[in-house]
Amino acid sequence: MKEQSLGRFISARRKKMRLTQEELADKVNVSKSAVAKWETDGGLPDRDNLKKIAEVMNVSVDDLHRVIKKEPPKSFDLSVNITPEVIAVLEAHGYIVISPDGEGER
C-alpha cells in the first residue's frame, strides 16, 4: 500500500465524490491546474484553500493536517457487516477497516 499523501487523499476523495478536477476547482475557487498540482503532490494548498477543501470534502482541517504530517490514520475496529462502498468511503477519510474476525486489514 502506498504511503498516503495529501495529493492522493484529495484525488481519492474527489473521485469518491464523483467530482472532476474542474468541479472541485470551482467549489474551492481555484484553477483546475491548482487542483492538478495538489493531486500530483506538486505543492500544498495554502491555509485558506486547505479550509475550503475540508469544507467541500466534508472532512476536518485536522484530518488534512494528519495526512500532511503523515500521521497514522484513525483506526477503529468495526465489528459489523458493512458494504464495500461504505468501506471505500471510510478509507477515503483515512480510516483503517479491520475485519471483525481480526484477520488482517482490508
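**Figure 1. Where helix α2 meets helix α4.** In this predicted model, L24, K27 and V28 from α2 touch N49, K52, I53, V56 and M57 from α4. Sort those contact residues by type and you get five nonpolar, one polar and two charged. The two helices pack at about 115°, and their axes lie 9 Å apart. As for handedness, the α2 and α4 crossing is right-handed. That is the usual way to describe such a pair: two packed helices are given by the angle between their axes and the distance between the axes.

**Figure 2. Helix α1 and its packing partners.** Helix α1 covers residues 6-16, and its buried residues are L6, G7, F9, I10, S11, R13 and R14. What do these buried residues pack against? The list runs to α2 (21-28), α3 (32-39), α4 (47-57), α5 (61-68) and α6 (84-92). It helps to keep helix geometry in mind here: an α-helix has 3.6 residues a turn, so residues three or four places apart point the same way. Just after α1 comes R18, and the phi of R18 is positive, near 55°.

**Figure 3. A close look at R14.** This arginine sits in helix α1. Is R14 buried or exposed? R14 counts as buried because its relative accessibility is 8%, and the cut-off for buried is under 20%. The R14 side chain reaches the backbone oxygen of L19 at 2.8 Å. If you skip the neighbours within four places in sequence, R14 is in contact with L19, T20, Q21, L24, E39 and M57. Two of those names are already familiar from the first view, where L24 belongs to the α2 side and M57 to the α4 side.

**Figure 4. D48, with V28 for scale.** D48 is part of helix α4. With a relative accessibility of 45%, D48 counts as partly exposed, because that class lies between the 20% and 50% limits. Measure up the chain and D48 is 20 residues from V28 in sequence, while the C-alpha to C-alpha distance is 9.6 Å. V28 itself is one of the α2 residues that meet α4.

**Figure 5. Two loop asparagines with positive phi.** N29 is in the loop between α2 and α3, and N58 is in the loop between α4 and α5. What is the phi of N29? It is near 70°, a positive value in a residue other than glycine. For N58, phi is near 55°, again positive in a residue other than glycine. As background, most residues other than glycine have a negative phi. N29 counts as exposed at 65% relative accessibility. N58 is exposed as well, with a relative accessible area of 64%.

**Figure 6. Stepping back to the whole chain.** The secondary structure adds up to six helices and two strands. Along the sequence the order is α-α-α-α-α-β-α-β. How many residues are in the chain, and what share of them is buried? There are 106 residues, and 33% count as buried. The accessible surface comes to about 7,000 Å², with 50% of that belonging to carbon and sulfur atoms. Among contacts with a separation of 6 or more, 43% are between residues 24 or more positions apart.

Note on methods
Residues numbered from 1 in each chain as written. Predicted model: local features only at pLDDT ≥ 70, side-chain atom pairs only at ≥ 80, totals over all residues. Heavy atoms only, no water. Helix = DSSP H or I, 4+ residues; strand = E, 2+ residues; numbered from the N terminus. Buried < 20%, exposed > 50% of the residue type's maximum accessible area, 1.4 Å probe, protein only. Contact = heavy atoms within 4.5 Å. Areas by Shrake-Rupley, 256 points an atom, 1.4 Å probe, with all protein chains shown as cover. Axes fitted to C-alpha atoms, helices over the stretch in contact; angles between N-to-C directions. Left-handed = near helix turned anticlockwise from the far one by under 90°. Nonpolar A, V, L, I, M, F, W, Y, C, P; charged D, E, K, R; others polar. Polar contact = N/O pair within 3.5 Å; in protein donor to acceptor, adjacent residues only side chain to side chain.
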